[in-house]
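Please open the model in your viewer and keep the sequence panel beside it. The tour below moves from one selection to the next and says what is to be found at each stop.

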Amino acid sequence: MDLYLLLALVIFGVVLVNGWTDAPNSIATAVATRSMGVNRAIFMAAICNFLGVWGMAFFNASVANTMSSMLDFTSGDAKKSALALLAGMCSVILFSCAAWFFGIPTSESHGLIAGITGAALYLNGTSALCMNQWGKVLTGLVISLTLGFLLGYFLTILVRFLGRFLTRRVAASLFPKGEVLCAAAMAVVHGAQDGQKFIGVFLIAAMLRDGTAAGREISLAGQWNMILVCAVVMAVGTMIGGKRIIRCVGFGITPLKQYEGLCADLASVCSLFLSTCMGFPVSTTHVKTMAVVAVGFSQKGKHVQIRMVKQMVFAWIVTFPACIVFGYLLTGFAFHFFY
């Protein structure tokens, strides 16, 4: 099989796993608050993920260009470079499947970035890192989490205050509908953010195939077939999995009322949309989880499952170093046996 065809299939495999393991975060709160049934919510997430991947490619492709220019996979041998990228992507699949099996909402986005970074480091050493672009990952991490927490906290307090002026009947009609709308928007921005990360990896593969110099922006014009397939694959992945992650984020962190789920989703949407427009490849899982934690702390943290939060934070902390090492070692293994 042609190496680039195999690489494309593996990338699509990672997109499928992303829809399977990451996308359920977007509708976890809507399910937890009983604003939507789980099957209906998963179907909605699949449609909205598709729209997010496809629509954002027309609107703003800055995340895809950040991903495509943050690492230098070029070398004297195009086959060797493609094999390194392939090994990095395989490390992401194994990591994400393990996270899904244990129901841990780790970040596949950070697993993706770390896995291909480890592969690039094995290929070209530290010179593979384009720090101006790679630094956007760390900047985006700080900004998105801070914004997600602060918005989640203060939006909940604000809505709780304003809710005192609503009748029970109005609240019972308004908050479920608002929660469904915000969950749909959350699924759209998930597709927009995560879909562009994979489009960026496709652009790296295209640069290797065409012998294009790394580190420069590439137009998405003429790439619409690839973007369409990417959107479809992510939507299919969302349809076939995700209930474990829904239980963890929606039920495991803190009990949620419908207006609280609405606030968590709205905070996540704002943080992720801003990060996407600024070209920061951030974690949708981290942002959504941080917003849910903020909702819990708006009640003085009375009902936040601190043990669960500590487990999540520990998993987040180890994701980067573990996936870098895993991508590095798997690339060495691939070079030893297949090059």
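Helices here are DSSP runs of H or I with at least four residues, and they are numbered from the N terminus. By that rule Arg 34 sits in a loop, the one that joins helix H2 (28-32) to H3. Please bear in mind throughout that this is a predicted model.

**The whole chain**

Begin with everything selected and coloured by secondary structure: the chain has 13 helices and zero strands, so that its pattern along the sequence reads α-α-α-α-α-α-α-α-α-α-α-α-α. Of its 339 residues, 57% count as buried. If contacts are taken between residues at least 6 apart in sequence, 89% of them join residues at least 24 apart.

**Arg 34, before H3**

Now select Arg 34, in the loop between H2 and H3, and look at its backbone. Most residues other than glycine have a negative phi. Arg 34, although it is not a glycine, has a positive phi of about 65°. Is this residue buried or exposed? With a relative accessible area of 70%, Arg 34 is exposed.

**H3 and H9**

Next, show helix H3 (residues 38-59) together with helix H9 (residues 224-240), whose axes come within 8 Å of each other and cross at roughly 160°. Because angles over 145 degrees count as roughly antiparallel, that description applies to H3 and H9. The crossing in which H3 passes H9 is right-handed. To see the contact itself, display the side chains on the H3 side, among them Phe 43, Asn 49, Phe 50, Trp 54 and Phe 58, and on the H9 side, including Trp 224, Leu 228, Met 234, Thr 238 and Met 239. What is the make-up of this contact by class? Its residues divide into 18 nonpolar, two polar and no charged.

**Gly 52, within H3**

Stay on H3 and select Gly 52, which is found in that helix and is buried, with a relative accessible area of 2%. Leaving aside residues up to four places away in sequence, Gly 52 touches Val 188, Gly 191 and Ala 192. A distance drawn from Gly 52 to Val 189, C-alpha to C-alpha, should read 5.8 Å, although the two residues are 137 apart in sequence.

**H8 and H9**

Keep H9 on display and add helix H8 (residues 168-210); the axes of these two helices come within 10 Å and cross at roughly 130°. That angle makes H8 oblique to H9, and the crossing of the two is right-handed. The contact is made by His 190, Gly 191, Asp 194, Gly 195, Phe 198, Ile 199 and Phe 202 of H8, with Met 226, Ile 227, Cys 230 and Met 234 on the side of H9. By class, the residues of this contact are seven nonpolar, three polar and one charged.

**Leu 71, between H4 and H5**

Select Leu 71 next, in the loop between helix H4 (62-69) and helix H5 (78-101). Leu 71 is buried, with a relative accessible area of 1%. From its C-alpha to that of Ile 204 the distance is 8.7 Å, while 133 residues separate the two in sequence.

**H12 and H13**

Move along to helix H12 (residues 284-297) and helix H13 (residues 306-338), whose axes come within 12 Å and cross at roughly 155°. H12 and H13 are therefore roughly antiparallel to each other, and their crossing is left-handed. On H12 the contact is made by Thr 285, His 286, Thr 289, Met 290, Val 293 and Phe 297, and on H13 by Ile 306, Val 309, Met 312 and Trp 316. This contact has seven nonpolar, three polar and no charged residues.

**The cysteines**

For the last stop, select the cysteines. How many disulfides does a search of the whole structure find? The search finds zero. A disulfide is a covalent bond between the sulfur atoms of two cysteines. Take Cys 263 as an example: the closest cysteine sulfur to its own is in Cys 182, at 8.3 Å, which is too far for a bond. Cys 263 is buried, with a relative accessible area of 1%, and Cys 323, at 2% relative accessibility, also counts as buried.

Terms used. Residues numbered from 1 in each chain as written. Predicted model: local features only at pLDDT ≥ 70, side-chain atom pairs only at ≥ 80, totals over all residues. Heavy atoms only, no water. Axes fitted to C-alpha atoms, helices over the stretch in contact; angles between N-to-C directions. Parallel < 35°, antiparallel > 145°, perpendicular 65-115°, else oblique. Left-handed = near helix turned anticlockwise from the far one by under 90°. Contact = heavy atoms within 4.5 Å. Nonpolar A, V, L, I, M, F, W, Y, C, P; charged D, E, K, R; others polar. Disulfide = S-S within 2.5 Å. Buried < 20%, exposed > 50% of the residue type's maximum accessible area, 1.4 Å probe, protein only.
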